[in-house]
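This report introduces a protein structure to a reader who has not met it before. It takes up selected residues and then turns to enclosed space.

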Amino acid sequence: MTFLQLFFAGGLVVITAFSAARSSVAAADDAIGRNVADPPLEEVRVFASRYRQTEDPIALMSMAKEDDGINLNRTPGDWLEQIAGVAFTGQGGLLQSYSVRGFGRARLRTEVAGVPILTDRRAGNSVGFLPPDFVAQASVTKSASSALYGAGAMGGAVGFQLKEVSNTRFSVDARSNGLGTGLSLFTPLVSSPLRSSASPSNPRSSSTQASSTQARSLSLGLSARRAPNSEDAQGASLNTEFEQWASYLSGKQEIASGTLNASWLVSRGSDIGKSNAQFPDQRVSSYPQDDHSVAKLEFFSDKIFARVYHHYQDWTTRVQRVGERENLTAYRATTSGFIAQTPVTLFTLDGTAGVEWLARRNVEIDDREQDLNDDSLLVQRLVDGEEDFFGVFMDQRWETQGKSLVALARYDLVDQRESRSDRSEDDDQWSGSVRFASDLPPLFAVSAELARSYRFPSLSERYFTGATPRGEVVGNASLKPEVRRSAELSLNLLPLSRGSWEFSGAVRVYRSDLDNYIERIALSDSALTFENLSNASLEGFEVEFLLSQPNASHSLSYQWQQGEDNTGNLIADLNPPSFRYALELTGQGFHLMSDLQYRPARNRAGPGEQNLASAWVWSGSIRRELSLGWRGEFYITNLTDELYRASADELAPFQPGRAFGLRLSWGNAAGLEG
């Protein structure tokens with residue numbers, strides 16, 4: 001009962017906070033309106049190339065949606081694994097991390113609704129606070145164009161686009177094997193079309209009495225989820241429990257010169273298990289609380305794009321060393337920023353130019369150590385720091401007769417300060433890429449890309465010394481920035497049609513050379529630190545094929561990667577090789593999916609990693625449209641009950657064994673746009 005009360009109480013709090021905005025919208029109903037035929041707005045299609053989904057034949061960006069595959073669906077981060085070049089890293093559970101082409105941790109930029117999600121977790125990126133039901137689609141920028149995002153995107157960029165709501169929808173799901181239950185509700189609070197007083201023959205009149213057609217909307221999303229511990233294929237308990245509720249408000253206002261968007265997401269998690277191989281005999285790690293607030297306000301038109309944003313996070317970790325002691329670590333941080341872009345024409349070339357400022361304040365990590373009798377042994381502040389990133393960037397594009405040349409450049413100033421040690425570090429770096437693409441009629445298109453990018457060491461890598469769910473970590477204040485130089489070559493088979501079927505494919509080969517690569521190394525059996533390697537290299541390739549028929553589609557992909565430092569040792573976080581075959585069948589009122597993955601054994605491991613055994617993982621689902629607006633879905637994950645690990649991390653536990661799930665939803669799914 002308490003959980004359901006939290007679910008509805010969270011929604012009530014958010015509704016109350018925005019009630020004034022809703023009242024003002026209702027009061028203006030007689031004065032302004034919108035064209036109901038206007039298409040839904042999509043952030044990735046704004047002119048600004050940093051947020052635009054490319055229309056080139058060779059996509060810079062890969063997309064994933066919830067309905068595109070079958071996975072554990074703990075977070076939308078689970079969707080990413082279906083994309084060639086993306087893999088899980090770190091330990092398991094709700095806080096599972098991911099990497100792109102072997103770049104994870106602080107080398108990967110993650111954004112939610114365009115808001116950077118920066119954290120000082122050594123494991124790196126996780127969106128465990130974000131309910132999958134809130135997300136319209138996930139995007140992954142694997143190529144060097146991610147350099148446009150700045151220091152945190154040396155290895156790529158991952159974005160999660162939130163849903164917009166035009167119809168009420170309710171869903172409930174339940175899964176076996178400890179994967180939990182969930183409820184979600186989306187509803188428009190304000191969505192009525194309104195008529196303006198503008199003359200239809202002059203909709204762009206500058207008169208204050210004749211504004212162009214406008215629209216206002218305000219919508220609400222609620223989510224509540226909980227899960228007990230699950231079990232692996234051998235019946236061993238996995239520390240995967242969690243409880244979470246979240247609320248999401250999204251508003252839009254179209255005005256004469258453009259569109260104003262605002263959103264606010266609040267998430268609160270508790271009793272989150274940090275699943276690892278030492279549970280439960282040696283170490284029990286958990287997050288007693290995990291609270292986040294993500295807000296943005298943005299404006300865009302054909303002349304300018306501007307966004308201000310804010311992310312506040314407050315979470316706590318508890319590490320219990322069985323029979324020894326316990327550490328309770330509290331983390332708080334605030335990220336705020338501003339970005340603006342405008343179109344520019346340089347020597348008749350089209351492009352954009354922009355400026356970005358990102359500030360992290362009150363980055364505080366406190367630790368309390370106590371013995372088995374709950375007596376405090378040590379209370380200390382481990383980190384008290386702040387950071388500023390200021391960047392200017394530009395992109396230019398040349399296109400003619402099936403050929404294009406795109407150049408990106410960015411310059412950043414970085415300032416990092418730590419109060420306890422009275423230390424500060426500043427640096428300036430440039431990053432950029434050049435990409436050439438050309439059609440090779442009648443079957444192929446080819447592209448080549450060269451880039452330079454960098455990463456500044458994080459506050460925790462430099463200054464944090466204390467206990468973590470992984471063990472003792474000792475910071476290294478002398479770390480230098482990493483620099484990456486990369487090259488990529490892509491060959492696409494353009495869609496080839498024969499009768500009722502269509503065939504397409506792609507092969508991508510890439511290589512990166514890394515200077516001052518920051519690696520996590522062992523000081524002892526129980527302590528870790530970070531060091532700069534003089535250099536390292538990473539290379540790999542991806543192959544994807546797609547065959548489409550009227551009622552069926554088949555996709556096959558393969559990824560392979562290797563990376564070594566200057567002494568020949570494997571580097572960490574590399575993607576394991578894997579094959580993936582997905583089948584979709586569509587009939588009258590039903591949709592059937594099969595997802596089969598084979599991962600060959602990998603007998604080499606990087607620092608802090610272990611060898612991986614081969615694994616076959618098979619999942620499937622069937623969706624069916626029911627009566628009265630209902631839709632049902634039955635799915636099975638790990639149908640073969642395979643015993644396997646999601647990553648090579650030495651503390652990675654086995655993944656959950658076979659699980660069955662049922663999801664019922666009501667409402668017009670078409671009313672949820674990205």
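A residue is called buried when its relative accessible area is under 20%, exposed when it is over 50%, and partly exposed in between, with a 1.4 Å probe and protein chains only. The model is predicted, so local features need pLDDT of at least 70 and side-chain atom pairs count only at pLDDT 80 or more, while totals for chains, interfaces and linings use all residues. Residues are numbered from 1 along each chain as its sequence is written, and side-chain values use heavy atoms, with hydrogens and water left out.

Helices (H or I, at least four residues) and strands (E, at least two) are DSSP runs numbered from the N terminus. Three strand residues are set out below.

| Residue | Strand | Relative accessibility |
|---|---|---|
| Val190 | strand 10 (residues 180-190) | 11% |
| Glu369 | strand 19 (residues 349-371) | 17% |
| Ser453 | strand 23 (residues 444-455) | 7% |

Val190 counts as buried because its relative accessibility is 11%. The C-alpha atoms of Val190 and Gly251 are 8.8 Å apart in space, while 61 residues separate the two in sequence.

Glu369 also counts as buried, because its relative accessibility is 17%. Its side chain makes a polar contact with that of Arg325, at 3.5 Å. A polar contact is a pair of N or O atoms within 3.5 Å; within protein, one must be able to donate a hydrogen and the other to accept it, and residues adjacent in sequence count only if both atoms are side-chain atoms. In terms of contact (heavy atoms within 4.5 Å), and leaving aside neighbours within four places in sequence, Glu369 meets residues including Arg325, Asp375 and Leu378.

Ser453 counts as buried because its relative accessibility is 7%. A polar atom of the Ser453 side chain lies 3.4 Å from the backbone oxygen of Met154. Met154 is also among the residues that Ser453 touches, as are Ala147 and Glu482, not counting residues up to four places away in sequence.

Enclosed space is the last topic. On a 1 Å grid over the protein atoms alone, a cavity is a set of points where a 1.4 Å probe fits but cannot get out, and lining residues have an atom within 4 Å of a point. There are 13 cavities of 30 Å³ or more, and the largest holds about 470 Å³ of space, a volume being the space filled by probe spheres set on grid points joined across faces, edges and corners. Its lining comprises 35 residues, with Ala106, Leu118, Gly152, Phe389 and Ser458 nearest the centre. Strand 19, strand 20 (376-400), strand 21 (403-418) and helix 3 (459-463) each give two or more residues to this lining.

Note on methods: On a 1 Å grid over the protein atoms alone, a cavity is a set of points where a 1.4 Å probe fits but cannot get out, and a pocket is an open set with protein on both sides within 12 Å along at least five of seven lines; lining residues have an atom within 4 Å of a point.
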